[in-house]
Amino acid sequence: MDERNSLAGRRIVLCITGGIAAYKSAELCRGFIRAGADVHVVMTPAAQRFVGGVTFEALSGNPVSTDLFHAAEPGVIEHIRLAELAELLVVAPATAGFLARMAHGLADDLLGAVLLATTAPVLVAPGMNVNMWQHPATRDNLALLKNRGVHFVGPDEGDLACRTYGAGRMAEPPAILEAAGGVLLPSDLAGQQVLITAGATREPLDPVRFLSNRSTGKMGFALARAAAGRGARVTLVCGPHHLRPPLGVTCVDVETAAQMAEAVEGRVDSMDLVIMAAAVADWRPETVAPKKLKKQDAGDSDSLPLHRTTDILAELGRRRKGTRPLLVGFAAETGDPVMEAQRKLQEKGCDLVVANDVSEPDAGFAADTNRVVLVRPNADPEPLSLASKDAIAHQILDALLPGLGSPPH
Ligand code: CTP
């Protein structure tokens, strides 16, 4: 299985400073290990008052570094060893005090020295009280660090350990893992404007009923995550869903096919690439009843008058002048997916149709894996092996790269 995962086999130095969120860093450490990374943990003295080094030693399988003057092996300069082995440094949680020290390049402890000595990218996940987060000193330090190219994830807004509510909660481990994966990906889509649709639309019949389908949005969300991780500016137009929005992506929530059409058509002119991964309803009830329909009012009629919805992709294909944006469709089929994809490629005027057989248990709706065939004009269909939807998303983007070239905007 091609498990495209930018964390696998990478050396991550996980730096923990003294905040209450340090307990979540154990889960984060496990997440890196599960993704196949080699994790080396650095803890400040304050961090060790919140969580024990033994936990991280057991989770990472590597010694935990805490002291500027105590090396893992004799004759080794500890901060240089860590600075050079790191392919990525992740500071989680980062306290307000740590951000101040880092902004000013203080290097009188192990963590400060590692951060000054490294040339690897640094991702910081702040966690602190809301007033500390909003303090002008922290704002200035943050601006300084962002200017120097330090990456940030979070903080989130929510209940804080100091019994207040506001911005300052360290981002959750899955979001930090996603951000770390993004930092390690190539930025080969930088400057590209990408619009992706995801999920099912819902076509209301009355206030309690609707017509819809089994799409969960997982493939579209994976595409948005992958494109954003590779530097694209991504807008995700999605039907009702239960998924965590990908980091750095602008989400536009819609419900019906008509709303999706409006959201897409209003944005398409500035796009380099449009991927219609949504399972758009093809019909909607002719009328939407303002009140719940009652059986006794239906009389003898058992049929439901329907209207065709706009075919958004076909409309984009018709309106397109020149080669921008690239248009990608999906063909979720229960018959011969490649034949159907070839028909849709022609009828809808797209550059690529991703075909899959949704009747297979490990592909299609709700599954975390997918098995697809890439169908393009004047080319043999290209089957991809079974892989996670994230890995498939990257392969679809790889296939589109030559057509995208440098962004014209
Ligand atoms: N699509 C769309 N607007 C619609 C229906 C579909 O933009 N009203 C897009 C989907 O997002 C997908 C592609 O068209 O990218 C193919 O959708 P699919 O439902 O597989 O095909 P249909 O066009 O509905 O054709 P058929 O009913 O013959 O399967």
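**Close-ups of a predicted model**

**View A. Alanine 232 is tucked away: it is buried, with a relative accessible area of 8%.** Keep in mind, here and in every view below, that this is a predicted model. So where along the chain does alanine 232 sit? Its place is in the loop that runs between helix 10 and strand 11. Now look for glutamine 192, which is 40 residues away along the chain. In space, the C-alpha atoms of alanine 232 and glutamine 192 are separated by just 4.9 Å. Glutamine 192 is also one of the residues that alanine 232 touches, once residues up to four places away in sequence are set aside. The others are Leu189, Ala190, Val194 and Ala227.

**View B. Here's the largest nonpolar core, made of 35 residues.** Inside this core, Val234, Leu273, Ile396 and Leu400 have the most contacts. Several elements each give two or more residues to the core: helix 10 (218–229) and helix 14 (389–404) do, and so do strands 8 (193–198), 11 (233–238), 13 (273–276), 16 (326–333), 17 (352–357) and 19 (372–375). Which element gives the largest share? That's helix 10, with eight residues. There is another core too, lying apart from this one; it has 34 residues, and Leu7, Ile12, Ala92 and Leu184 are among them. As a bit of background, nonpolar side chains tend to be buried together in soluble globular proteins.

**View C. Zoom in on leucine 400, and you can see which residues it is in contact with.** Leave out its neighbours within four places in sequence, and the list reads Leu273, Ile275, Leu326, Val328 and Leu352. You've met Leu273 already: along with Leu400, it is listed among the core residues with the most contacts.

**View D. Helix 11 (residues 257–265) has a buried side and an exposed side.** Ala257, Met260, Ala261, Ala263 and Val264 are the buried ones. If you look down the axis of helix 11, these buried residues fall within an arc of 165°, so they line one face of the helix. What do you find on the other side of helix 11? There, Ala258 and Glu262 are exposed. As for the buried residues, they pack against strand 8, strand 9 (203–204), strand 11, strand 12 (250–253) and helix 12 (312–319).

**View E. Alanine 103, in helix 5 (residues 96–103), is another residue to look at.** Is alanine 103 buried or exposed? With a relative accessibility of 2%, alanine 103 counts as buried. Its C-alpha atom and that of leucine 142 are separated by 7.7 Å, although the two residues are 39 places apart along the chain. Skipping neighbours within four places in sequence, alanine 103 is in contact with Asn141, Leu144, Leu145 and Arg148.

**View F. Arginine 11 and glutamate 87 form a salt bridge, with their closest N and O atoms 3.9 Å apart.** Arginine 11 belongs to strand 1 (residues 11–16), while glutamate 87 lies in the loop between helix 4 (78–85) and strand 3 (88–94), so the pair ties together parts that are 76 residues apart in sequence. Both ends are partly exposed: arginine 11 has a relative accessible area of 33%, and glutamate 87 has 22%. Arg10 joins in as well, and Arg10, Arg11 and Glu87 are linked in a network of salt bridges. Searching the whole structure turns up 22 salt bridges.

**View G. Two further salt bridges pair arginine 209 with aspartate 206 and arginine 343 with glutamate 340.** For arginine 209 and aspartate 206, the closest N and O atoms are 2.5 Å apart. Arginine 209 is partly exposed at 34% relative accessibility, whereas aspartate 206 is buried at 3%. For arginine 343 and glutamate 340, the closest N and O atoms are 2.6 Å apart. These two residues sit three residues apart in helix 13 (residues 337–348), so about one helical turn separates them. Arginine 343 is partly exposed, with a relative accessible area of 37%, and glutamate 340 is partly exposed at 22%.

**View H. Back on the surface, Leu211, Trp283, Leu304 and Leu306 form a nonpolar patch.** Together, these four have about 340 Å² of accessible area. Leucine 304 is found in the loop between strand 14 (283–285) and strand 15 (306–308). With 38% relative accessibility, leucine 304 counts as partly exposed.

Note on methods: Residues numbered from 1 in each chain as written. Predicted model: local features only at pLDDT ≥ 70, side-chain atom pairs only at ≥ 80, totals over all residues. Heavy atoms only, no water. Patch = residues over 30% accessible without salt bridge, like charges linked within 9 Å, V, L, I, M, F, W, Y side chains within 5 Å. Areas by Shrake-Rupley, 256 points an atom, 1.4 Å probe, with all protein chains shown as cover. Salt bridge = Lys/Arg side-chain N within 4 Å of Asp/Glu carboxyl O. Helix = DSSP H or I, 4+ residues; strand = E, 2+ residues; numbered from the N terminus. Buried < 20%, exposed > 50% of the residue type's maximum accessible area, 1.4 Å probe, protein only. Core = buried A, V, L, I, M, F, W, Y, C linked by side-chain atoms within 4.5 Å. Contact = heavy atoms within 4.5 Å. Arc of directions from axis to C-beta.
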